[in-house]
Amino acid sequence: MDTSFFFTQLISGLTIATLLFLVASGLTLIFGVGNVFNFAHGSFYMLGAYFGYQFSAVWGSNFFLTLVMTGICAGLIGMVVEFLFLRRIYGRANEGGFQILLTYCLILIIDDLVKLIWGAEYKSLARPAGFDGAVQLGDIFIPAYNLLIIGVGLMAVILAWLILSRTRAGRVARASAVDREIVSVLGVNVPMTMTLVFGIATALGGMAGTLAAPMRTVTPGAGIEVIIDSLIVVVIGGMGNFWGAWLGAILIGEVVAFGVAFVPKWATLFSFLILVIVLVFKPEGLFSARRTR
Amino acid sequence: MLEKITRRLIPASPFGLLVLIFAMVPVITNSPYKLNVASHILVWGLFAVSFNMLWGITGMLSFGQALYYGLGAYSVGLMVEYLGSTWFLPALAAGLLMAFVLSFLLGLLVIRVGGVYFTMLTLAFAQLAWQITFKWYDFTGGDDGIQGIIPPGILQNRIVYYYFVLLLVFLSIWTLKRMAYSPFGMILRCIQQNPERIRFLGRRVRRNQLRIYMISSFFAALAGGMMAGVDSSIHTDMLLWTTSGEAILMSVLGGISQFFGPFFGAAVFILLEDNIGAVTEYWPLIIGSVMLFMVIIFPKGIVGEALGLKVRFGKTGTGRSS
C-alpha cells in the first residue's frame with residue numbers, strides 16, 4: 001500500500017470519526033446527565049443538514065455563520081422538545097421504554113415535516129469558499145474540507161468538555177446526574193439545567209449535520225443511520241465514557257474509511273462486525289473500567 | 001349439562017370472542033380487499049403480541065423484532081422463488097428453525113447489555129440484516145423484493161389461506177397466553193419488576209430472558225412467513241426499523257400491560273393506516289403525533305384505559321386491570 005493512499009484514507013477516517021463523535025458525544029451527554037436516551041438525536045443531525053442547506057445554499061449565508069446559526073436553531077428546537085414532551089415522562093415506571101417510544105414518534109414527525117418543508121428529493125450543499133480544494137503535504141493531497149471538519153469538530157468538543165468540567169453550570173449538570181434531589185434542595189433549578197444540557201447536545205448534533213452536508217447528500221431518513229453508528233461508537237467505547245466514545249469513534253471511522261477503499265459495497269458491515277467482536281469479548285466496552293452486569 | 005356446554009361454547013373471554021369475529025369475516029364479506037385487511041390484522045396482531053411478551057411482560061424493549069419477521073418472510077419468499085411453491089410449508093418451518101437458532105446466538109450477545117443498550121443493539125442487528133438484504137441484489141432481489149409468492153395446493157384459495165392464517169395465529173396466541181399466565185410468565189413479570197430479587201430467589205434471570213427472547217422471535221418469524229403468503233410478496237421494508245417500530249406503536253396503542261392490548265392496537269393501527277393512508281401521504285406525521293400524545297396522556301393504551309374505566313365505574317368490581 002503506498003503512503004499517499006494510506007494517508008488519504010487515514011484523514012478520511014478521521015473526518016468520519018469527528019462527525020460521529022460530535023453526534024455520539026451529545027448522546028452520551030444527555031444520557032450521562034439526565035439518564036435520557038434521545039433516540040431522535042439523529043433527527044437533529046438531519047435537521048442540521050437541512051438548516052445548513054437553507055441558510056447556506058438558499059439564503060447564501062457565510063458557511064461559518066451558518067454553522068453557528070444551525071447550532072443555535074437545533075439547540076433551541078431541542079430545548080423546546082425537552083420542555084414540551086420529554087419532561088412529562090420523567091420518573092414514570094418503565095421510563096426508558098417510553099423515552100425511546102416518545103423520541104421515536106419525534107423521528108416520524110421530524111422526518112415528515114422535513115419532507116413537507118423541503119421535499120423528498122436529495123439536496124446538496126457546496127463546500128465553503130477556500131475549503132473546496134486540496135492541501136498538499138509532500139506528495140499527498142488532502143481535501144481541505146476534511147481538515148476543516150476535523151478542526152471545527154475538535155474545537156466544539158473541547159469547548160463542550162471545558163464547559164462541563166470547568167464551569168459552574170457544568171458542575172451543576174454533573175451533580176444533577178448523581179443526585180437530582182440534593183442538587184435541587186441546594187436551590188438549583190434542575191429541570192432547567194436538564195433543558196439546557198439537552199439544548200447543548202442537540203446543538204452539537206445539528207452542527208455535525210451541517211458539517212457533514214457538503215460531503216454527503218442531504219436526505220430525510222439520514223437520522224437513523226447516524227444514530228445507529230453513534231450508538232455503536234458509544235457501546236464500543238464503554239457506556240457513558242466521554243473519551244472512550246472518542247476512541248470508539250476513531251476506531252469505527254478508520255475501519256469504515258479503509259473498508260470503503262477495499263470492499264465499497266460491504267463497508268458499512270464492518271462497524272457491526274467490530275460491535276459483535278467487542279460484545280463477545282468485552283461487553284462492558286473497550287475502555288470502560290466498570291463492569292456491566 | 002346444557003348450561004355447561006353453552007358456557008364452553010359461548011365465548012366469555014376476549015379470546016373466544018376474537019376467534020369468533022375473525023372466523024366470521026369471510027362469511028360476512030366476499031371482498032378480497034377486506035379479507036386482506038383482516039389477514040393483516042391477524043398477522044400483525046400475532047407479531048405485536050409476541051413482541052409485547054418481551055416488552056410488556058418482561059420489560060425488554062427490543063427494537064429489532066423486524067429481523068425475525070423479515071427472516072420468516074424471506075425464508076418463505078426465497079425458497080418459493082428458487083425451489084417452487086410446493087416448498088411453501090417447509091420454507092415456513094425452515095424460517096422458524098432459523099429464527100430459533102439466530103435468536104439464540106444474537107440473544108446471547110444482546111442480553112448481556114441491559115436497558116436502552118439492549119434496545120439499540122437489537123435495532124443495530126436488525127438494520128445489519130436489512131442492509132445485507134438490501135445490497136445482496138442477486139440473491140434477495142434487493143429493493144425490488146420478490147413478487148408472486150403463491151402458496152401450494154388448496155392454500156392457493158384465498159379463503160382457505162385466510163383460515164390457515166387464522167388457525168396458526170390463534171394457536172400461537174393461545175400458546176403465548178398460556179405462557180404469560182404460567183409460572184414461567186410470572187417469573188418474566190417479576191424480572192420486569194425486580195430482577196435482583198429473582199436472582200436471590202435462585203432463578204436465573206439471563207436464562208429466562210434468553211428464553212422469552214427466543215420465543216418472541218420464533219413467533220415474529222411465523223408472522224413474517226405468513227405475511228409472505230398474505231401479500232404474495234416480500235420486500236426489504238419488512239426488515240426495516242420502522243417495522244419493529246410499528247409493533248411497538250401497536251402495543252402502546254392497545255396497552256402494553258394487557259396481554260391482548262397489542263392485538264387491539266394492531267387492529268386499530270391497521271384500520272387507521274388504511275383510512276388515513278388513503279387520504280394523505282403524511283401518515284407517519286399523523287400517527288407520530290397521535291402516539292406522542294398517547295404516550296404522554298394515556299400510557300396504558302386503549303385496553304388499559306378501558307379496563308381502568310370499568311374498574312372506576314364499578315361494573316364488575318374486580319379490576320384485573322394491571
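A cavity here is a set of grid points where a 1.4 Å probe fits but cannot get out. By that rule, this predicted model holds three cavities of 30 Å³ or more.

Take the second largest cavity, with about 40 Å³ of space. Its lining draws on both chains: A:Ile228, A:Leu231, A:Ile232 and A:Val235 on one side of the list, B:Met120, B:Leu121 and B:Ala124 on the other. In terms of secondary structure, α9 (222–237) of chain A and α6 (115–135) of chain B each put in at least two lining residues, and α9(A) has the largest share, with four. Chemically there is not much variety: the lining has seven nonpolar residues, no polar ones and no charged ones.

Now for the contact between the chains, which involves 41 residues from chain A and 45 residues from chain B. Between them, chain A and chain B bury about 4200 Å², and 78% of that sits on carbon and sulfur atoms. Salt bridges between the two chains number zero, while one residue pair, with both members at pLDDT 80 or more, is in polar contact across the interface.

On the chain B side of this interface, α6, α10 (195–200), α12 (241–254) and α14 (283–297) each supply at least two of the residues that touch chain A. The largest share, 13 residues, comes from α6(B), a helix that also helps line the second largest cavity. Sorted by class, the chain B side splits into 30 nonpolar, eight polar and seven charged residues.

Methods
Residues are numbered from 1 along each chain as its sequence is written. Chains are lettered from A and ligands numbered from 1 in the order in which they are written. This is a predicted model: local features need pLDDT of at least 70, side-chain atom pairs count only at pLDDT 80 or more; totals for chains, interfaces and linings use all residues. Side-chain values use heavy atoms; hydrogens and water are left out. On a 1 Å grid over the protein atoms alone, a cavity is a set of points where a 1.4 Å probe fits but cannot get out, and a pocket is an open set with protein on both sides within 12 Å along at least five of seven lines; lining residues have an atom within 4 Å of a point. Grid points are joined across faces, edges and corners, and a volume is the space filled by probe spheres set on the points. Ala, Val, Leu, Ile, Met, Phe, Trp, Tyr, Cys and Pro count as nonpolar, Asp, Glu, Lys and Arg as charged, and the others, Gly among them, as polar. Contact means heavy atoms within 4.5 Å. Buried area is the accessible area (1.4 Å probe) that two parts lose on being put together, summed over both. A salt bridge is a side-chain nitrogen of Lys or Arg within 4 Å of a carboxyl oxygen of Asp or Glu. A polar contact is a pair of N or O atoms within 3.5 Å; within protein, one must be able to donate a hydrogen and the other to accept it, and residues adjacent in sequence count only if both atoms are side-chain atoms.
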